[in-house]
Amino acid sequence: MTQLVKEDSEVGRLHITTPLMGESLVSKEFLRQTESREYFRMQPEINILKIGGQSIIDRGAKAILPILDELIRLKEEYKILLMTGGGTRARHVYSIGVDLGMPTGVLSKLGDKVSWQNAEMLSVLLAKHGGVKIGHGDNLEQLTMFCRLGYLPITYGIPPYGFFEHPAEFGSIPPHRTDCGAFLLAENIGARSVIFLKDEKGLFETDPKKVDAAKRGGLKFFDKISAAELLELDLDDLIIERPILTMLQRAKCIKQIQIVDALSNPGDIRKALAGEHVGTIITRD
């Protein structure tokens, strides 16, 4: 417990004694001591659903509307926060930025606008059903209240790193994009689940879209795998952003993520929310 301590001097300044006094906050041994036995979960009933930009939203009405119809039904049973990806338009602006030699932080600033536009479009489509767009820093502590009142809150997936984005391990594309944003938010509000809505049934050893149709049936599919195992495989391509695997290993609240084919099977969203094993589950341990 912290205490107020007064200096034995004429000035008599007050200090607050805490275990962190005099620490650099860099020592690994000290930082291990700051681990909590149990972490407070602000929104333990909220389910984060991240809808793919290129995989779903960019495909237009035929892809989006059946999924939104499913979400309209599901919001009566589950508390949901919908987060949007960027997609093809983000890739286009990245391409121009890379050609101009823009650094990673600038590319991050450019790309976040597309995810925001997608959130705006979905909030309009869902407006008469309670869809409401919120910002990154707005109303997150009120998510449960929104859901209890019948709203379906929507926000953009890109995390607000902007100019403070981490340098990319390879190339210059921002490593923390909309998948990472959905995971980070889920972890930090202590969400019930985080589910990625994609156009493939889950994780394959390589992207099925880049393989001849005749060979797709022979691709290895991972229905369940740990983050450590997946990192060890060091696959060239993944269905989610690679930094999530490291984040998942360090997570305090989120124990797994799930990837489902919402494009072909919107009903799988309900199954995932109900705890059924559909698609791919990537576990923390």
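Where in the chain is the place of Asp234? In this predicted model, Asp234 is found in the loop between α7 and α8, and at 59% relative accessibility it counts as exposed. The backbone of Asp234 has a phi near 50°, a positive value in a residue other than glycine. Most residues other than glycine have a negative phi.

The chain as a whole contains nine helices and 12 strands, and its C-alpha trace spans about 80 × 45 × 40 Å along the principal axes. Of the 285 residues in the chain, 47% are buried, while the accessible surface comes to about 15800 Å², with 52% of that area belonging to carbon and sulfur atoms. Among the contacts in the chain with a separation of 6 or more, 68% are accounted for by residues 24 or more positions apart.

The largest nonpolar core comprises 36 residues, and those with the most contacts inside it are Ile48, Phe183, Ile240, Ile257 and Ile282. Two or more residues are given to this core by each of several helices, namely α5 (143-148), α6 (178-189), α7 (227-233) and α8 (243-250), and by the strands β3 (46-51), β4 (79-84), β7 (193-198) and β11 (256-261). The largest share, six residues, comes from α6. A second core, separate from this one, holds 33 residues, including Ile67, Ile80, Ala119 and Ala272.

The surroundings of Ile48 illustrate how the larger core is assembled. When its neighbours within four places in sequence are left aside, Ile48 is in contact with Leu81 and Met83, with Ala182, Ala186, Ile189 and Ala191, and with Ser193, Val194 and Ile195.

The cysteines were examined next. A disulfide is a covalent bond between the sulfur atoms of two cysteines. With a cut-off of 2.5 Å between cysteine sulfur atoms, the count comes to zero disulfides. For Cys147, which is in no disulfide, the nearest cysteine sulfur is that of Cys253, 18 Å away; Cys147 is buried, with a relative accessible area of 8%. Cys180 is likewise in no disulfide, and the nearest cysteine sulfur, again that of Cys253, is 17 Å away. Cys180 counts as buried because its relative accessibility is 0%, and the limit for that class is under 20%.

Two further sites concern the exposed part of the chain. Lys255 lies in the loop between α8 and β11 and is exposed, with a relative accessible area of 57%. Leaving aside neighbours within four places in sequence, Lys255 is nevertheless in contact with Leu248, Ile282, Thr283 and Arg284, and Ile282 is one of the residues with the most contacts inside the largest nonpolar core. Although Lys255 and Ser193 are 62 residues apart in sequence, their C-alpha atoms are 8.7 Å apart in space; Ser193 is in turn in contact with Ile48.

A nonpolar patch on the surface is formed by Leu4, Leu14 and Ile16, which together have about 340 Å² of accessible area. Within this patch, Leu14 belongs to strand β2 (residues 14-17), and its relative accessible area of 55% places Leu14 in the exposed class, for which the cut-off is over 50%.

Methods:
Residues are numbered from 1 along each chain as its sequence is written. This is a predicted model: local features need pLDDT of at least 70, side-chain atom pairs count only at pLDDT 80 or more; totals for chains, interfaces and linings use all residues. Side-chain values use heavy atoms; hydrogens and water are left out. A nonpolar core is a set of buried Ala, Val, Leu, Ile, Met, Phe, Trp, Tyr and Cys residues joined through side-chain atoms within 4.5 Å. Buried means under 20% relative accessible area, exposed over 50%, partly exposed in between (1.4 Å probe, protein chains only). Helices (H or I, at least four residues) and strands (E, at least two) are DSSP runs, numbered from the N terminus. Contact means heavy atoms within 4.5 Å. Patches are made of residues with over 30% relative accessible area and no salt bridge: like charges are joined within 9 Å, nonpolar side chains (Val, Leu, Ile, Met, Phe, Trp, Tyr) within 5 Å. Accessible areas come from the Shrake-Rupley method with a 1.4 Å probe; for residues, only the protein chains shown count as cover. A salt bridge is a side-chain nitrogen of Lys or Arg within 4 Å of a carboxyl oxygen of Asp or Glu.
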